[in-house]
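Let's take a tour of this protein chain, one topic at a time. Keep the 3D view open while you read.

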Amino acid sequence: MTDSTATTTDLDIRLEKHRTELTGYCYRMLGSSFEAEDAVQDTMVRAWRSYDKFEGRSSLRSWLYRIATNVCLDMLTAGNKRARPMDLSESTPLAQAALSPRPDHTWLEPMPDNRVLPTVEDPAEAAVAKETVRLAFMAALQQLPPKQRAVLILREVLAWKASEVAELLDTSVASVNSALQRARATLAEREQQGADAAVSDPLDEEQQKLLDRYVKAFEGYDMTALTALLHEDAIMTMPPFDLWLTGHDDITGFMTTLGSACEGSRLIPVQVNGLPGFAQYKPDPEKGGYTPWSIQVLEISDGRLTGFHFFLDTQRWFPLFGVPLHLEAEADEVEKGV
């Protein structure tokens, strides 16, 4: 191996060590799983190509964050703000429910935990990382102008000093502090409009029991049992459709009418956006077994399910989460002719 090859390999290894945390940063900035990964790849390529100009006045990590921030700010110049269905319209009564899709770039996208949450030893740091990729927090971030978003993430999530953020953004400490103050005010306003999910990390015993009961109720399509688990103001969303429902009566009513094809589904646990979730498969009448239907993200508060969100673009989400695109029927189901 030549010296240049060794140096290149060493640089690749040093850059890759930062991939997960950079993906988390870009995901918070952009609200899109795939755009975040594209942004990180662009960051790595730019760093690799310009490494000979890196003078070492800052750490490699700080330099990478500077590049990643510029990449994200460039991507956000189009002004697109990703959202959840409830950020765009009022809830729809079940009697008026219709499935109208909007373009992919409209929606806040789900992300597997292992792609954005680096392993850290400090439990408090790990908890902050999880809390700041949850859907409600991500949706709030999308309401901030891009530079305010960057300041808030760097200061509040990554705990950078104001002077470090000012250097990264080529601005003054006063400007950073002002942007942070405005960003905090916007987030505080949104928090008053609706509390975020209160999920322990790891799940406590009661929350785990709640999830077990949810799986049993959903797979059994037992609407009475499901109603008992749902908060009276629970929310259900289904991107790319803009429809969203509120209240257990409308939710279970939808599931037994327009959503009745989900009866007999199977659920596989996934870790998504710092929250419990499932890959949902519904029966496949043509091939047998089960076909992908959605990635579910569940929100829990005060011992009830307050929100469950179904992300339906299975050809994108299931490979991202590393779950199969088909499930075979189990032996006992085949015997029973299920």
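The sulfur of Cys72 has its closest cysteine sulfur in Cys26, 3.6 Å away, which is too far for a bond. This is a predicted model, so that distance is a computed value, and a disulfide here needs two cysteine sulfur atoms within 2.5 Å. The bullets below start with this cysteine pair and then move on to other parts of the chain.

**The two cysteines**
- Seen from the other side, the sulfur of Cys26 also has its closest cysteine sulfur 3.6 Å away, in Cys72, and that is too far for a bond.
- The final count of disulfides is zero.
- Cys72 is tucked away from the surface: its relative accessible area is 0%, so it counts as buried.
- Cys26 is buried too, with a relative accessible area of 0%.

**How confident is the prediction?**
- Averaged over the protein chain, pLDDT comes to 90, and 92% of the residues reach 70 or more.
- Residues 1-6 are a weak spot, with pLDDT staying under 50.
- For residues 1-6, the model has one contact beyond four places in sequence.

**The chain as a whole**
- Look through the protein chain and you'll meet 16 helices and six strands.
- What radius of gyration would a compact globule of 338 residues have? It would be near 20 Å, and the protein chain agrees with that at 22 Å.
- Along the principal axes, the C-alpha atoms fill a box of roughly 70 × 55 × 40 Å.
- Of the 338 residues in the protein chain, 46% are buried.
- Take the contacts with a separation of 6 or more: 66% of them link residues 24 or more positions apart.
- About 16,700 Å² of the protein chain is exposed, and 50% of that comes from carbon and sulfur atoms.

**A hairpin with a cis peptide bond**
- Strand β1 (residues 230-238) and strand β2 (residues 241-246) pair up in the antiparallel sense, with four bridges.
- One residue to pick out is Thr237, whose bridge partner in β2 is Trp244.
- Together β1 and β2 make a hairpin, and two residues sit between them.
- Pro240 belongs to the loop between β1 and β2.
- Pro239 and Pro240 are joined by a cis peptide bond, with omega at about 15°.

**A buried serine in a strand**
- Ser294 is part of strand β5 (residues 290-301).
- Is Ser294 buried or exposed? Its relative accessibility is 0%, so Ser294 counts as buried.
- Leaving out residues up to four places away in sequence, Ser294 touches several others, including Phe278, Phe310, Phe311 and Phe318.
- Ala279, Gln280, Leu312 and Thr314 are also among the residues that Ser294 touches.

**Two residues with positive phi**
- Asp170 is not a glycine, yet its phi is positive, near 55°.
- You'll find Asp170 in the loop between α10 (162-169) and α11 (173-193).
- With 64% relative accessibility, Asp170 counts as exposed.
- Tyr221 isn't a glycine either, and its phi is positive at about 50°.
- The loop between α12 (205-219) and α13 (223-229) is where Tyr221 sits.
- Tyr221 is buried, with a relative accessible area of 10%, whereas Asp170 is exposed.

Technical notes:
Residues are numbered from 1 along each chain as its sequence is written. This is a predicted model: local features need pLDDT of at least 70, side-chain atom pairs count only at pLDDT 80 or more; totals for chains, interfaces and linings use all residues. Side-chain values use heavy atoms; hydrogens and water are left out. Two strands pair if DSSP finds at least two bridges between them. Buried means under 20% relative accessible area, exposed over 50%, partly exposed in between (1.4 Å probe, protein chains only). pLDDT is the predictor's confidence in each residue, from 0 to 100. Contact means heavy atoms within 4.5 Å. The radius of gyration is taken over C-alpha atoms; the globule rule is 2.2 Å times the number of residues to the power 0.38. Accessible areas come from the Shrake-Rupley method with a 1.4 Å probe; for residues, only the protein chains shown count as cover.
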